[in-house]
Amino acid sequence: MGEEERETIRAASEEVSRQFKTLINGEEVESVKQLQHLILGRLQDSNAVLAHFNEYSERCYAEVSGDFAGNTQLLKSIKSDLDHIFTKLRSMKAKLKATYPDAFPDGSTTDGVDQRPDLEIPLQ
């Protein structure tokens with residue numbers, strides 16, 4: 001590329017640049033820059049608040065997670081104990097009914113039908 005071509009390209013580039021500058025209002029550009037700066041500040045504030053909230057949530061979860069795990073285990077144990085108790089009660093009731101058929105009026109016992117909700121099945 002010759003020196004003359006480079007000068008022509010440079011002149012054309014400067015002319016295009018001048019034309020673009022006439023299309024853009026400097027005050028509007030400054031206004032957009034100020035708005036962007038304001039938005040940036042608000043986003044940084046929001047990020048700081050969210051970071052603080054996440055740290056707080058993490059601390060709270062750490063405090064509560066042990067209790068939650070223990071209570072979950074306790075509930076599972078209670079459920080197992082209650083299942084065992086109800087099984088024993090149904091067995092005793094069946095034996096009583098077999099030994100003393102007149103002790104229970106018709107329809108007062110339901111053999112094998114457990115009317116408690118199954119807590120293992122997820123709600124729909």
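This report walks through the fold, surface, salt bridges and one pocket of the structure shown above.

**Overall picture**

The model is a predicted one. In terms of secondary structure, the protein has 2 helices and 0 strands. Helix H1 covers residues 3-23, and helix H2 covers residues 26-99. Of the 124 residues in the protein, buried ones make up 1%. The accessible surface of the protein is about 11700 Å², and carbon and sulfur atoms account for 59% of that area.

**A nonpolar patch**

Which residues make the nonpolar surface patch of about 730 Å²? They are Leu74, Leu75, Ile78, Leu82, Ile85, Phe86, Leu89 and Met92. Ile85 is a handy member to look at: its place is in helix H2. With a relative accessibility of 44%, Ile85 counts as partly exposed, because that class lies between the 20% limit for buried and the 50% limit for exposed.

**Salt bridges along the helices**

The structure holds 4 salt bridges. Three of them are set out here, each with the distance between its closest N and O atoms.

| Salt bridge | Closest N and O atoms |
|---|---|
| Arg10 and Glu7 | 3.2 Å |
| Arg18 and Glu15 | 3.1 Å |
| Lys33 and Glu30 | 3.9 Å |

How far apart along the helix are Arg10 and Glu7? These two residues sit 3 residues apart in helix H1, so about one helical turn separates them. Both ends of this bridge can be placed on the accessibility scale: Arg10 is partly exposed at 46%, and Glu7 is partly exposed at 40%.

Further along, Arg18 pairs with Glu15 in a salt bridge. Arg18 and Glu15 are 3 residues apart in helix H1, which means that about one helical turn lies between them. Arg18 has a relative accessibility of 45% and counts as partly exposed; Glu15, at 34%, is partly exposed too.

The bridge between Lys33 and Glu30 takes us to helix H2, where its partners are 3 residues apart and therefore separated by about one helical turn. Are the two partners buried, partly exposed or exposed? Lys33 is partly exposed, with 46% relative accessibility, and Glu30 is partly exposed as well, with a relative accessible area of 38%.

The 3.9 Å separation of the Lys33 and Glu30 atoms still counts as a salt bridge because the cut-off is 4 Å between a side-chain nitrogen of Lys or Arg and a carboxyl oxygen of Asp or Glu.

**The second largest pocket**

Rolling a probe the size of a water molecule over the atoms shows where empty space is left. How much space lies in the second largest pocket? The volume there is about 230 Å³. The pocket is lined by 12 residues, and the closest to its centre are Lys79, Asp83, Arg116, Pro117 and Leu119. By class, the lining of this pocket has 6 nonpolar and 6 charged residues, with no polar ones. Among the residues closest to the centre, Pro117 and Leu119 count as nonpolar, while Lys79, Asp83 and Arg116 count as charged.

How values were computed: Residues are numbered from 1 along each chain as its sequence is written. This is a predicted model: local features need pLDDT of at least 70, side-chain atom pairs count only at pLDDT 80 or more; totals for chains, interfaces and linings use all residues. Side-chain values use heavy atoms; hydrogens and water are left out. On a 1 Å grid over the protein atoms alone, a cavity is a set of points where a 1.4 Å probe fits but cannot get out, and a pocket is an open set with protein on both sides within 12 Å along at least five of seven lines; lining residues have an atom within 4 Å of a point. Grid points are joined across faces, edges and corners, and a volume is the space filled by probe spheres set on the points. Helices (H or I, at least four residues) and strands (E, at least two) are DSSP runs, numbered from the N terminus. Buried means under 20% relative accessible area, exposed over 50%, partly exposed in between (1.4 Å probe, protein chains only). Accessible areas come from the Shrake-Rupley method with a 1.4 Å probe; for residues, only the protein chains shown count as cover. Patches are made of residues with over 30% relative accessible area and no salt bridge: like charges are joined within 9 Å, nonpolar side chains (Val, Leu, Ile, Met, Phe, Trp, Tyr) within 5 Å.
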